[in-house]
Amino acid sequence: MTRAPRAGAGGGGQSPPPTEFARRLLAWFEHHGRHDLPWQNPRSGYRVWVSEIMLQQTQVATVVPYFRAFMARFPTVADLAAADSDAVMQHWAGLGYYARARNLHAAARQVVAEHGGELPADPAALQALPGIGRSTAGAIAAQAFGRRAAMLDGNAKRVLARLHAERGAPGESAWEKRLWAHAEHHTPHDRLADYTQAIMDLGATVCGRGQPACDRCPVTDLCAARSAGIEAEIPAPRKRRKRPVRRTRMLVLRREDDRLLLHRRPPAGIWGGLWALPELPEDAEPADYCRRQLGVEPLSAGEELTEVQHGFTHFELRIRPLALRVRDGAGIMDDDQQLAWHPRTRPPALPAPLARLIRQLPGDDPT
Ligand code: SF4
């Protein structure tokens, strides 16, 4: 079924015609683009914003269930602003890159305080909010408000780099600058929401990483990389430095009533604001540390569990978990109130690798 194209926000007067690339892309989008994403129906500034933040570094299929649960719990900017950070983190747990959730929460409070609870439509005002960069601001302004604003996420970069045979790698500023110029040039004056979704869809479903499916592409004959036979070489792989390894030990302290001791991490730094297993300082003796620092009397010497590895953008974290049993009803010394016993089977928001570790603990025979 052919869809009625949505009008742009330009209104009145004759808009300049779209580039041939944009025209073909919009025609392709009618039949092959994604029209049923939950943030498209209904579409609002808030819903588009949350989806754009979730989609950073994360694929659509992963985001959809998180988005639905998030909207059910925080249906408006005001609901998100009023929520406590635990509730926000609980709904982000498993999506990773938790700074996104912290920034989203802070930005919601800013929108309530400075914009009366309405997300601004202007890209510059959007960029003034925590966690919103140039591309995200453009994507929100175009999709939610029909503003003519360019967007350049990973998919759009790949498509435009190939279309114009721009050799270079993500992170190279001259390359990125040229791509922004192409993005500005091709962004049409009408149907901004459709165009923005269309270029993301083309990158995700046709012009993918590695070998693109050029035989299904609506702009094959316009594509400079395809005509030169170099489409698979663009973009060049990002130059990666070997990530340094950081090591730490964490305590899996388990009471006889099957509760685990968890520690709420400070707001800044890795897994900021999330609950996690308590870290054991490098030179500490486990039983002594439990007694003196946590006020918990261990019942066992402790058992080393399988090492947990987790990659962050700038380093690789290796965690050596040490499991100890402690007496039922054991209290804790906790001046900052950042430690608490939680049921093993119903923990609060945890980073994904720790949630996995806890799920794998034996159920009826605590270590
Ligand atoms: Fe991408 Fe191939 Fe289309 Fe060029 S022709 S934009 S490389 S899918």
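**View 1. The shell around the ligand mixes nonpolar, polar and charged residues.** In this predicted model, the shell divides into six nonpolar residues, one polar and three charged. For this sorting, Ala, Val, Leu, Ile, Met, Phe, Trp, Tyr, Cys and Pro count as nonpolar, Asp, Glu, Lys and Arg as charged, and the others, Gly among them, as polar. The residues surrounding the ligand are Arg162, Val206, Cys207, Pro212, Cys214, Cys217, Thr220, Cys223, Arg226 and Glu231; a residue is near a molecule if one of its heavy atoms lies within 4 Å of it. The ligand itself sits in the largest cavity. A cavity here is a set of points on a 1 Å grid over the protein atoms alone where a 1.4 Å probe fits but cannot get out, and a molecule sits in one if more than half of its atoms lie within 2 Å of its grid points.

A note that serves every view: residues are numbered from 1 along each chain as its sequence is written, and side-chain values use heavy atoms, with hydrogens and water left out. Because this is a predicted model, local features need pLDDT of at least 70 and side-chain atom pairs count only at pLDDT 80 or more, while totals for chains, interfaces and linings use all residues.

**View 2. Two cysteines of the ligand shell, Cys207 and Cys217, are shown with their burial.** Cys207 has 9% relative accessibility and counts as buried. Cys217, at 18%, counts as buried too. The cut-offs are under 20% relative accessible area for buried, over 50% for exposed, and partly exposed in between (1.4 Å probe, protein chains only). How many disulfides are there? The count comes to zero, taking a disulfide as a pair of cysteine sulfur atoms within 2.5 Å.

**View 3. Glu20 and Arg24 meet in a salt bridge on helix α1.** Their side chains come to 2.9 Å, N to O. Both belong to helix α1 (residues 20–32), and because they are four residues apart there, about one helical turn separates Glu20 from Arg24. Helices are DSSP runs (H or I, at least four residues) and strands are DSSP runs too (E, at least two), numbered from the N terminus. Glu20 is partly exposed at 35% relative accessibility, whereas Arg24 is buried at 18%. Look a little wider and you will find a network of salt bridges linking Glu20, Arg23, Arg24 and Asp221. The model has 22 salt bridges by this rule, each a side-chain nitrogen of Lys or Arg within 4 Å of a carboxyl oxygen of Asp or Glu. Side chains of opposite charge can pair when their charged atoms come close.

**View 4. Glu166 and Arg178 form a salt bridge between a loop and a helix.** The closest N and O atoms of Glu166 and Arg178 are 2.6 Å apart. Glu166 lies in the loop between α9 (154–163) and α10 (173–186) and Arg178 in helix α10, so the pair ties together parts twelve residues apart in sequence. Glu166 is buried at 13% relative accessibility, while Arg178 is partly exposed at 33%. Ala165 lies in the loop between α9 and α10 as well. Its phi is positive, near 50 degrees, in a residue other than glycine, and Ala165 is partly exposed with a relative accessible area of 27%.

**View 5. Arg191 and Asp194 make a buried salt bridge.** The two side chains meet at 3.0 Å, N to O. Are these partners buried or exposed? Arg191 is buried, and Asp194 is buried as well.

**View 6. Two cis peptide bonds and a positive phi deserve a close look at the backbone.** Most residues other than glycine have a negative phi, and most peptide bonds are trans. A cis bond joins Asn41 and Pro42, with omega about -10 degrees; Pro42 is placed in the loop between α1 and α2 (45–55). Another cis bond joins Ile234 and Pro235, with omega about -5 degrees, and Pro235 is found in the loop between α12 (224–228) and β1 (245–255). Tyr97, which is not a glycine, has a positive phi of about 45 degrees. Its place is in the loop between α5 (85–92) and α6 (99–115), where Tyr97 is partly exposed, with a relative accessible area of 44%.

Notes. 1 Å grid on protein atoms, 1.4 Å probe; cavity = no way out; pocket = protein on both sides within 12 Å on 5 of 7 lines; lining within 4 Å.
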